[in-house]
Amino acid sequence: MTELTEGRLDLAFISLPGRPPVGVRVRELTSVPLDLVVRRDHALAARRDVAISELADESFVDFPLGYGNRAVTDQAFAAAGLDRHVTIEIADITAGTDFVRHGLGVALLPRVVPVPDEELAMVRVTGADLDWPISLATAAGRASGAAAQALERVARRYLDANS
């Protein structure tokens, strides 16, 4: 965010839940629900949905601290008063599905990830706010240039056409 506030970037796509940092204006473009991804032989695989309280004893594959989807997940468990055990941290969604596929844990991944296959199942989680926001950030107090405004319009049109 420093790049925005110092004028080195005109805009950035971000995925941070909660209040934006000081000096940054955020406009939400969309949000994507995070669903539980499990192996087909997992006890929860046949379920349509699962309460977040039922996930407290699971071992999770998740993104490192500082990633927006990790923050959403951590906040959801904290709001439910639950501890969560992250056994493996990954920086790639595909790696997350591979680790789940090999039985190394379960994961909360964006619904847009093409997951359900012969080895994996997706289960909706209830009782928690697991919406991962995707936003456009600009410096507060500084007008966006023509190129930044054009990119925002293109992003909004794309999202509107594909939602």
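1. The charged end of Arg84 is placed over the ring of Phe60, 4.9 Å from the ring centre. Arg84 also lies over the face of Phe77, and here the distance to the ring centre is 5.3 Å. The model is a predicted one, and the values in this note are computed from it.

2. Phe60 and Phe77 also pair with each other. The centres of the two rings are 5.6 Å apart and the planes stand at 80°, so the pair is edge-to-face. Phe60 belongs to strand β4 and Phe77 to helix α2, so the pair ties together parts that are 17 residues apart in sequence. Both Phe60 and Phe77 are buried.

3. How many aromatic pairs are there? The count comes to two. Besides Phe60 and Phe77 there is the pair of Phe63 and Tyr67, which is tilted, with 5.5 Å from centre to centre and 35° between the planes. Phe63 is buried at a relative accessible area of 4%. Tyr67, at 34%, is partly exposed, because buried requires under 20% and exposed over 50%.

4. Helix α2 covers residues 68-79, which makes 12 residues. From the first C-alpha to the last the helix reaches 16 Å, close to the 16 Å expected at 1.5 Å a residue. The buried residues of α2 are Gly68, Asn69, Arg70, Val72, Thr73, Ala76 and Phe77. Which elements do these buried residues pack against? The partners are β2 (24-39), β4 (59-62), β5 (85-89), β6 (106-110) and β8 (131-139). After α2 comes Gly81, with a positive phi near 70°.

5. The largest nonpolar core holds 21 residues, and Leu36, Leu55, Leu108 and Val125 have the most contacts inside it. Two or more residues of this core come from each of β2, α2, β6 and β7 (120-126). The largest contribution is that of β2, with four residues. Leaving out residues up to four places away in sequence, Leu55 touches Leu36, Leu44, Val50, Phe60, Phe77 and Val125. The edge-to-face partners of point 2, Phe60 and Phe77, are thus both in the contact list of Leu55. Another core, of 10 residues, lies apart from the largest one; among its members are Val37, Phe63, Val100 and Met122.

6. Two residues of strand β8 can be read together: Ser135 and Leu136. Is Ser135 buried or exposed? Ser135 is buried, with a relative accessible area of 4%. Leu136 is likewise buried, at 1%. Setting aside neighbours within four places in sequence, Ser135 is in contact with Ala12, Phe13, Ile14, Val26, Arg27, Glu28 and Leu29. With residues up to four places away again not counted, Leu136 touches Leu11, Ala12, Phe13, Arg25, Val26, Arg27, Leu29 and Glu152. Between Leu136 and Glu28 the C-alpha distance is 6.3 Å, although 108 residues separate them in sequence.

7. Helix α4 (residues 146-161) contains Gln149. Gln149 has a relative accessibility of 38% and so counts as partly exposed, the limits being 20% and 50%. Gln149 and Leu11 are 138 residues apart along the chain, and their C-alpha atoms are separated by 9.3 Å. Leu11 was met in point 6 as a contact of Leu136.

8. On the whole chain: there are four helices and eight strands. Along the sequence they follow the pattern α-β-β-β-β-α-β-α-β-β-β-α. The C-alpha atoms fill a box of roughly 50 × 35 × 25 Å along the principal axes. Of the 163 residues, 40% count as buried. The chain exposes about 9000 Å², and carbon and sulfur atoms supply 51% of that area.

9. How are the contacts of the chain spread along the sequence? Taking contacts between residues at least 6 apart in sequence, 75% join residues at least 24 apart. One pair in space with a long separation in sequence is Leu136 and Glu28 from point 6, 108 residues apart.

Definitions and conventions
Residues are numbered from 1 along each chain as its sequence is written. This is a predicted model: local features need pLDDT of at least 70, side-chain atom pairs count only at pLDDT 80 or more; totals for chains, interfaces and linings use all residues. Side-chain values use heavy atoms; hydrogens and water are left out. The expected span of a helix is 1.5 Å times one less than its number of residues. Buried means under 20% relative accessible area, exposed over 50%, partly exposed in between (1.4 Å probe, protein chains only). Contact means heavy atoms within 4.5 Å. A nonpolar core is a set of buried Ala, Val, Leu, Ile, Met, Phe, Trp, Tyr and Cys residues joined through side-chain atoms within 4.5 Å. Rings of Phe, Tyr and Trp (its six-membered ring) pair if their centres lie within 6.5 Å; planes under 30 degrees apart count as stacked, over 60 as edge-to-face and the rest as tilted. A charge sits over a ring if NZ of Lys or CZ of Arg is within 6 Å of the ring centre and within 35 degrees of the ring normal. Accessible areas come from the Shrake-Rupley method with a 1.4 Å probe; for residues, only the protein chains shown count as cover.
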